[in-house]
Amino acid sequence: MNCIEFRRIALANPGLLDANMRRHLESCPACAGLSVDLEALEAELRQAVQVPVPEGLAERLLVRRGGGTKWFTRVAAAAVLVLGLGFGLVYQQERAAQMLASEMIEHVLSEPEVFDVQGEVPPARVMTALASVGTSPQADIGRVSFLDNCKGLDPGGTHMLVHTAFGRAAVLLLPNVEYRRSTRVSVQGLSAALFPAPQGVIAIVADSPDIVARVEGHLQRSLRLRI
Amino acid sequence: MLAIGKRAGFERLVRAYSGDLYRFAYWLCRDRMTAEDLVQETFERAWKGRAGLRDPSVVKTWLVTILRNEHARLYARRRLERVEGEPEDWAEAVDPDPGQALDVREALHELPEGLREPLVLQVLYGMSGSEIGEVMGLSEGNVMTRLTRARQGMRRLLHSSNPLGKAKGL
């Protein structure tokens with residue numbers, strides 16, 4: 001790789017630094033300097049684009065009047081009409097659930113540092129988190145190396161990393177979501193499953209559908225899930 | 001308690017995506033009120049066109065594309081003049097050093113729209129070249145060229161606003 005090729009790639013996508021590019025950096029101080037500069041620029045750009053979002057934006061969007069009728073009222077009326085006619089209810093629910101599962105994958109991808117966390121979260125904290133979705137362990141669920149109430153989870157929830165005999169998986173506890181069926185989805189190289197908890201939903205995200213299925217079965221056996 | 005698939009399903013969509021859509025809208029139109037209007041129109045269109053969303057994994061690209069179309073439609077309808085000059089006051093932003101961040105925002109404001117937009121999509125959403133191309137109706141190669149020029153432009157603008165060249169190490 002020469003300097004022109006390096007700069008063409010680095011300027012278009014500084015986040016992409018493959019083995020060829022790394023080798024070039026080791027032998028080219030000029031491109032190494034540029035790489036450092038671009039990292040600094042990216043950090044500032046990431047901060048700069050995060051302009052403040054007006055407080056209560058989502059609520060206003062949902063209730064704002066449009067043409068004399070509350071927008072959401074019209075939305076709800078349309079939904080009732082569609083549902084009343086019986087078209088696509090199950091499909092809509094399944095699609096929404098798949099959307100939620102996809103969002104959980106995106107959330108896990110947005111916090112890769114979680115996978116580097118070592119150690120074990122105290123059992124009391126795990127119990128408290130599980131209680132948020134109305135459940136508690138009746139058997140060992142595995143080692144929990146990370147647990148946090150994530151601001152990035154909408155509409156709120158807890159993100160855990162659980163190490164089981166079947167592999168590690170992100171387990172997301174979503175007390176403010178209601179969904180009474182199970183669903184699975186695979187996107188962006190990860191797989192996810194949702195299943196109902198006594199209060200809310202539990203999502204599992206792992207590297208493969210097989211691990212997700214095994215961890216889901218493991219949790220369903222290890223947790224008290226009867227409503 | 002929310003109920004996925006009924007109105008709460010769409011409500012979730014609004015809550016999950018309105019923030020970043022607002023930010024993207026702002027960088028398109030550079031006006032807060034217009035940005036909020038654009039997001040409102042986007043979700044109305046999204047609701048009406050929800051049957052067209054076959055793959056939930058592309059919902060982000062789908063919403064951004066709708067917002068771009070609404071932006072174009074809004075300017076055609078209102079014949080709005082593009083906001084020029086000083087950017088709005090971001091002093092309340094949570095930057096550890098607001099003065100420094102403002103330089104980058106000013107530089108971003110100065111970039112031509114055709115360069116700023118793909119850069120914002122890449123930085124804000126982490127979109128790939130092909131995803132940006134899909135949103136903007138451009139080839140991936142064209143997008144990568146624009147991204148290169150956008151960063152070259154940012155570096156030039158930040159250098160010129162910082163003659164001592166010490167800030168940002170650029």
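Below are legends for a set of close-up views of this predicted model.

**View 1. Chain A at a glance.** Here's the whole chain before we zoom in. Chain A holds 8 helices and 9 strands. Of its 227 residues, 36% are buried. Take the contacts in chain A with a separation of 6 or more: 55% of them join residues 24 or more positions apart.

**View 2. A six-stranded open sheet in chain A.** Read across the sheet and the strand order is E3-E4-E5-E9-E8-E7, with antiparallel pairing. Strand E3 (143–150) and E7 of chain A sit at the edges with a single partner strand each, so one side of each has no neighbour in the sheet. From one strand to the next, the twist averages 20°.

**View 3. Strand E9 of chain A and its two partners.** Is E9(A) buried or exposed? All the way along, it's buried: 7 of the 7 residues of this strand (residues 200–206) count as buried, so E9(A) is largely enclosed by the rest of the structure. One partner is strand E5 (residues 167–174) of chain A, which pairs with E9(A) in the antiparallel sense over 5 bridges. The other is strand E8 (residues 190–197) of chain A, also antiparallel to E9(A), over 7 bridges. Look for Val201(A) in E9(A): Leu174(A) stands opposite it, and Pro196(A) has it as a bridge partner too.

**View 4. Back-to-back hairpins, E7 to E8 to E9 of chain A.** Follow the chain here and you pass through two hairpins. In one, E7(A) and E8(A) are joined with 2 residues between them. Gln188(A), in that turn, has a positive phi of about 55°. Strand E7 (residues 183–187) pairs with E8(A) in the antiparallel sense over 5 bridges. Val187(A) has Leu190(A) in E8(A) as its bridge partner, while Ser186(A) stands opposite Ser191(A) in E8(A). In the other hairpin, E8(A) leads into E9(A), again with 2 residues between the strands.

**View 5. Ala192(A) and the largest nonpolar core.** This core has 100 residues, and the ones touching the most other members are Ala192(A), Ala203(A), Ile204(A), Val205(A) and Ala25(B). Which element gives the most to this core? That would be helix H1 (residues 7–29) of chain B, with 13 residues. In soluble globular proteins, nonpolar side chains tend to be buried together. Now zoom in on Ala192(A). Leaving aside neighbours within four places in sequence, its contacts include Ala203(A), Ile204(A) and Val205(A). Also among them are Ala101(A), Met104(A), Ile105(A), Arg184(A), Val185(A) and Val212(A).

**View 6. Helix H7 of chain A lying across the sheet.** Helix H7 (residues 123–131) lies across three strands of chain A: E3, strand E4 (157–164) and E5. Its angle to E3(A) is about 50°.

**View 7. Helices H1 and H3 of chain A, side by side.** The axes of H1 (residues 3–12) and H3 (residues 29–48) of chain A come within 11 Å and cross at roughly 5°. That angle is why H1(A) counts as roughly parallel to H3(A). On the H1(A) side, the contact is made by Cys3(A), Phe6(A), Arg7(A) and Ala10(A). H3(A) brings Ala30(A), Cys31(A), Leu34(A), Ser35(A) and Leu38(A). Sorted by class, the contact has 7 nonpolar, 1 polar and 1 charged residues.

Conventions
Residues numbered from 1 in each chain as written. Chains lettered and ligands numbered in written order. Predicted model: local features only at pLDDT ≥ 70, side-chain atom pairs only at ≥ 80, totals over all residues. Core = buried A, V, L, I, M, F, W, Y, C linked by C-beta atoms within 7 Å. Buried ≥ 20, exposed ≤ 12 C-beta atoms within 10 Å, placed from the backbone. Helix = DSSP H or I, 4+ residues; strand = E, 2+ residues; numbered from the N terminus. Contact = placed C-beta atoms within 7 Å. Axes fitted to C-alpha atoms, helices over the stretch in contact; angles between N-to-C directions. Parallel < 35°, antiparallel > 145°, perpendicular 65-115°, else oblique. Nonpolar A, V, L, I, M, F, W, Y, C, P; charged D, E, K, R; others polar. Pairing = 2+ DSSP bridges.
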